Amino acid sequence: MIIAIDGPAASGKGTLAKRLAAHLGLPHLDTGLLYRAVGRAAIDGGIDLEDADATAEIADGLDVASLDESRLRGREMGEAASVVASHPKVRKALLDLQRRFAHQRGGAVLDGRDIGTVIAPGAEVKIFVTADAEIRARRRHLELEKRGDAPPFASVLADIRKRDARDAGRADAPLKPAPDAHVLDTTALDVESAFAAALAFVERHRH
Ligand SMILES: Nc1ncnc2c1ncn2[C@@H]1O[C@H](COP(=O)(O)OP(=O)(O)OP(=O)(O)O)[C@@H](O)[C@H]1O
Ligand SMILES: Nc1ccn([C@@H]2O[C@H](COP(=O)(O)O)[C@@H](O)[C@H]2O)c(=O)n1
């Protein structure tokens, strides 16, 4: 069974994908990490994030086994990822490995922006996780506060809005729910309730 989980920044899709994968015993891929890794490598190498050819070359040679998540999290990498993710050549370079992961024997859970629309349009379960931007910013701000690394709330909210607008506005694989996706609005749901709602949906649709 392939479970595709998409949604805007800080909607909780990663939290949900991880929980579902652990509960169902399926492998999980956070596809945002791939774009973050390309952004990270470009910055480390002094390459302009707007350079589609150079960043696609990085994406082509990405070693997924050696992704260092601790260097990929954080606001700057989210922004850098969103810039490189707008290049069709970068997306093309990362397509096959995501599709192979999705179609491995036994199934998988993937979360990102285009899983239900582009990477695995035939997925048995598609969930588009969303929440009001202010709530998402509040959750992300809380997370950053716990890490002792919180900028002002207003700048967290502005980052989220800017990233969503870029992701939804790009021509190639824009952020949007697949026509057959179940939209799960978690604005009024805590983590446990969101997980319970997602799991109930999965159980209804697995075949
Ligand atoms: N339903 C919820 N209620 C309250 N907090 C939540 C909920 N879901 C997730 N969170 C918290 O919100 C923050 C963002 O969640 P998460 O990292 O899963 O989002 P994401 O969509 O994967 O983000 P990104 O797109 O930036 O990778 C985390 O601190 C997480 O613990
Ligand atoms: N399937 C995907 C996944 C991610 N992106 C881009 O990467 C950025 C970072 O993603 P996070 O989930 O780690 O926040 C995101 O803003 C997108 O621009 C993507 O395009 N497709």
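Me: In this predicted model, what stands opposite His28 in strand 3?
Reply: Val109 of strand 3 stands opposite His28.

Me: What makes strand 2 and strand 3 (residues 108-112) a pair?
Reply: Two strands pair if DSSP finds at least two bridges between them. Three bridges join strand 2 to strand 3, so the criterion of at least two is met. The two strands run parallel.

Me: Which strands are called edge strands, and why?
Reply: The strands concerned are strand 2 (28-30) and strand 5 (182-185). Each pairs on one side only, whereas the open sheet consists of five strands in the order 2-3-1-4-5 with parallel pairing. Neighbouring strands are turned by 20 degrees against each other on average, direction ignored.

Me: How do you know that helix 1 packs on the sheet, and what angle does its direction make with that of strand 3?
Reply: Helix 1 touches strand 1 (2-6), strand 2, strand 3 and strand 4 (125-130). A contact requires C-beta atoms within 7 Å. The direction of helix 1 makes about 175 degrees with that of strand 3; angles run from 0 to 180 degrees between N-to-C directions, so the helix and the strand point in nearly opposite directions.

Me: Which residues come nearest to ligand 2, and what makes a residue part of its shell?
Reply: Of 14 residues around ligand 2, Gly32, Tyr35, Ser82, Ala85 and Gly112 come nearest. The cut-off is a C-beta atom within 6 Å of the molecule. Helix 2 (32-44), helix 4 (75-84) and helix 8 (153-169) each supply at least two residues of this shell.

Key: Residues are numbered from 1 along each chain as its sequence is written. Chains are lettered from A and ligands numbered from 1 in the order in which they are written. This is a predicted model: local features need pLDDT of at least 70, side-chain atom pairs count only at pLDDT 80 or more; totals for chains, interfaces and linings use all residues. Helices (H or I, at least four residues) and strands (E, at least two) are DSSP runs, numbered from the N terminus. Two residues are in contact if their C-beta atoms, placed from the backbone, lie within 7 Å.
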